[in-house]
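The following exercises practise the reading of a protein model. Please study the sequence and the structure before attempting each solution.

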Amino acid sequence: MPHVEPGMVIGLFGGSFNPPHEGHALVAEIALRRLGLDQLWWIVTPGNPLKSRGNLAPLSERLAKCEALADDPRIRVTAFEKTLGTSYTARTLDFVKARNPRARFIWIMGADNLASFHRWQQWHRIAMTFPIAVIDRPGSTLAYLSSKMARTFDYARIDEDDAGVLWKKKAPAWTFIHGPRSPLSSTALREAQSR
């Protein structure tokens with residue numbers, strides 16, 4: 001787990017990154033700029049419980065590609081979930097919170113994950129652990145209106161103009177951040193590579 005100083009504001013951006021691409025880099029850039037982060041952790045998961053592992057590249061390969069892509073010095077690429085022995089976000093966030101009680105964290109995810117967020121193990125608990133920043137992705141702009149997570153936690157949504165103070169909010173708190181969108185997706189890149 002990357003080193004943390006008390007009072008730091010840290011974004012947690014988890015995923016398979018199979019493979020990482022410019023869309024991930026764009027989400028990271030938007031999060032760093034709009035959320036006022038001191039660090040952004042790319043948490044490269046051993047595997048997504050909701051996805052097949054049949055075409056999952058080795059963790060070491062995904063880590064190396066993430067490190068090559070992440071050129072901002074505030075980005076820390078990590079795979080501590082492997083050591084932790086979990087791929088479940090709720091457990092990961094509990095661990096991060098327990099280990100770093102004097103830092104502030106924001107869970108960051110692409111809007112494409114919003115539609116299925118309610119299928120994540122203990123998704124209510126995730127929303128109650130840290131504030132969440134949802135970054136716009138192509139084809140997902142309206143997901144924040146129709147997703148179960150957005151409807152359930154509608155009362156906790158803050159305006160994206162206040163994204164810079166999201167870290168000060170007690171969970172549940174979340175925002176949807178519009179901005180430039182990359183059409184790239186890991187699924188499309190894998191399919192193109194297999195052809």
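Four exercises follow, each with a worked solution.

The model is predicted: local features need pLDDT of at least 70, side-chain atom pairs count only at pLDDT 80 or more, and totals for chains, interfaces and linings use all residues. Residues are numbered from 1 along each chain as its sequence is written, and side-chain values use heavy atoms, with hydrogens and water left out.

**Exercise 1. Describe the overall make-up of the protein and the confidence of the model.**

Step 1. The secondary structure consists of eight helices and six strands; helices (H or I, at least four residues) and strands (E, at least two) are DSSP runs, numbered from the N terminus.

Step 2. Read from the N terminus, the order of elements is β-α-β-α-β-α-α-β-α-β-α-α-β-α.

Step 3. The average pLDDT, which is the predictor's confidence in each residue from 0 to 100, is 89 for the protein. Confidence is highest in strand 3, at 98, and lowest in helix 8 (residues 186–194), at a mean of 49. Where pLDDT is low, the predicted coordinates should not be read in detail.

**Exercise 2. Identify the largest nonpolar core and the elements that build it.**

Step 1. A nonpolar core is a set of buried Ala, Val, Leu, Ile, Met, Phe, Trp, Tyr and Cys residues joined through side-chain atoms within 4.5 Å. Buried means under 20% relative accessible area, exposed over 50%, and partly exposed in between (1.4 Å probe, protein chains only).

Step 2. The largest such core has 32 residues, and those with the most contacts inside it are Leu35, Leu37, Leu40, Trp42 and Ile108.

Step 3. Among the elements giving two or more residues to this core are helix 1 (22–35), strand 1 (9–15) and strand 4 (104–110). Helix 1 supplies the largest share, eight residues.

Step 4. Apart from this core lies another of 30 residues, including Met8 and Leu114.

**Exercise 3. Explain how strand 4 is placed in the structure.**

Step 1. Strand 4 is largely enclosed by the rest of the structure, because six of its seven residues are buried.

Step 2. Two strands pair if DSSP finds at least two bridges between them. Strand 4 runs parallel to strand 1, with five bridges joining them, and Gly11 stands opposite Ile106.

Step 3. Strand 4 also runs parallel to strand 5, through four bridges; Met109 has Val134 as its bridge partner in strand 5. Between these two strands the chain passes through helix 5 (residues 123–129), and the β-α-β crossover is right-handed: with the strands pointing away from the viewer, the path from the first strand over the helix to the second runs clockwise.

**Exercise 4. Describe the surroundings of Thr92 and of Thr152.**

Step 1. Thr92 is found in helix 4 (residues 89–99), and it counts as buried because its relative accessibility is 1%.

Step 2. Contact means heavy atoms within 4.5 Å. Leaving aside neighbours within four places in sequence, Thr92 is in contact with Phe80, Glu81, Leu84 and Thr86.

Step 3. The side chains of Thr92 and Glu81 make a polar contact at 2.5 Å. A polar contact is a pair of N or O atoms within 3.5 Å; within protein, one must be able to donate a hydrogen and the other to accept it, and residues adjacent in sequence count only if both atoms are side-chain atoms.

Step 4. Thr152 lies in helix 7 (residues 148–152) and is partly exposed, with a relative accessible area of 30%. The side chain of Thr152 reaches the backbone oxygen of Lys148 at 2.7 Å.
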